[in-house]
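Visitor: I would like a close look at the enclosed spaces inside this protein, please. Could you set the scene and then walk me through them?

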Amino acid sequence: MCFLCDLKSSSTAADVPSPRWQARRAFLLAAGATAAGSALAQVDVGSSSSLRNLVPAETLEGSARQQYNQVLTEARNKGALAPEGHPQLKRLHGIAQRLIPHTAQWNPRARDWRWQVNLIGSKQINAWCMPGGKIAFYTGILEQLQLNDDEVAMIMGHEMAHALREHARERLAKSQMTGMGLSIASQLLGLGSLGDAAANLGTQLLTLKYSRDDETESDLVGLEIAARGGFRPGASVALWKKMLAANGNGSPSFLSTHPSGANRIQELEANLPKVQHLYEQARQG
């Protein structure tokens, strides 16, 4: 089922496309602009790479939307898509409602995203968020790791952060630039293979592997989003300790694209004091 943030107005909830960027403008943005992180951020993740502006966000989000719908259709045909009213799905929706209001400061486009959260019956220990706010959890990650709400919020915030920081868009731009070499300028005049690649990326989104820097960004941005939503920051450390333990019993799907490690836990621990007051404010308010 679809889950639209009921905190949005009816106008933003409507499927209204954002203005399409022109190729020349994208080229100028990529050449001279640097997207800053949130001015209100408590965690430091630096600026997003301007290279992502070489790929039209609308095209990539459209591709993600198509792939997401395909995943849901396949799950529904197998009887694996959780129906409306499913307790675990209602739980995920409740958590998402608390996180979504804190996403736009990381990416203004998120105000117009039609956020969706669905639950798929599978033993896989996995969860993901495609560009444009298309989220899926698998029952395996909830049941096998016995996650509490705070831990679920950390996973959801992390996955949201990948979409908000547009890591898929950036990786696509970098990979296409490598293949295009010096011909990139001429390709950009019509978006050329960059636009085509973005339109055809949907099938790769579920297995996309991010860099270590991408993972760190998503850990910290997700940590802050969850803290602002009133979820206990320390749960991020508990979560990744569970992931480490699960990795010892085989390789969960989640860890194939989100490698775990002690340094990840140390980074989170170092940032807990930065967001603790956000959590306390949220709990008081």
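Visitor: Before we go inside, about how many Å² does the chain expose, and what share of it do carbon and sulfur atoms supply?

Guide: Happy to, and please keep in mind that this is a predicted model. The chain exposes about 12900 Å², and 50% of that area is supplied by carbon and sulfur atoms. Of the 285 residues in the chain, 52% are buried. The secondary structure comes to 13 helices and three strands. Among contacts between residues at least 6 apart in sequence, 76% join residues at least 24 apart.

Now to the empty spaces. Rolling a probe the size of a water molecule over the atoms shows where such space is left. Here the count comes to three cavities of 30 Å³ or more.

Let us start with the largest cavity, which holds about 70 Å³ of space. Its lining can be followed along the sequence: Ala57, Leu60 and Glu61 come in the numbering ahead of Trp113, Pro131 and Gly132, and the list goes on with His162, Ala163, Glu166, His167, Ala168 and Arg169. Three helices, α3 (57-77), α6 (149-164) and α7 (167-180), each give at least two residues to this lining. Sorted by class, the residues around the largest cavity are six nonpolar, three polar and three charged.

The second largest cavity has a volume of about 60 Å³. Met154, His158, Asp219, Gly222, Leu223, Ser236, Leu239, Trp240 and Leu268 form its lining. Two or more of these residues come from each of α6, α10 (212-228) and α11 (235-247). Helix α6 is therefore worth following with your eye, since it supplies at least two residues to the lining of the largest cavity and two or more to that of the second largest. By class, the lining of the second largest cavity has five nonpolar, three polar and one charged residues.

To finish, let us stay with α10, one of the helices beside that second cavity. Of its 17 residues, 14 are buried, and the helix is mostly covered. The length of α10 also fits expectation: at 1.5 Å a residue, its 17 residues should span 24 Å, and the end C-alpha atoms are 24 Å apart, which agrees. Just after α10, glycine 230 takes a positive phi of about 90 degrees.

Terms used:
Residues numbered from 1 in each chain as written. Predicted model: local features only at pLDDT ≥ 70, side-chain atom pairs only at ≥ 80, totals over all residues. Heavy atoms only, no water. 1 Å grid on protein atoms, 1.4 Å probe; cavity = no way out; pocket = protein on both sides within 12 Å on 5 of 7 lines; lining within 4 Å. Points joined across faces, edges and corners; volume = space filled by probe spheres on them. Helix = DSSP H or I, 4+ residues; strand = E, 2+ residues; numbered from the N terminus. Nonpolar A, V, L, I, M, F, W, Y, C, P; charged D, E, K, R; others polar. Buried < 20%, exposed > 50% of the residue type's maximum accessible area, 1.4 Å probe, protein only. Contact = heavy atoms within 4.5 Å. Areas by Shrake-Rupley, 256 points an atom, 1.4 Å probe, with all protein chains shown as cover. Expected span 1.5 Å × (residues − 1).
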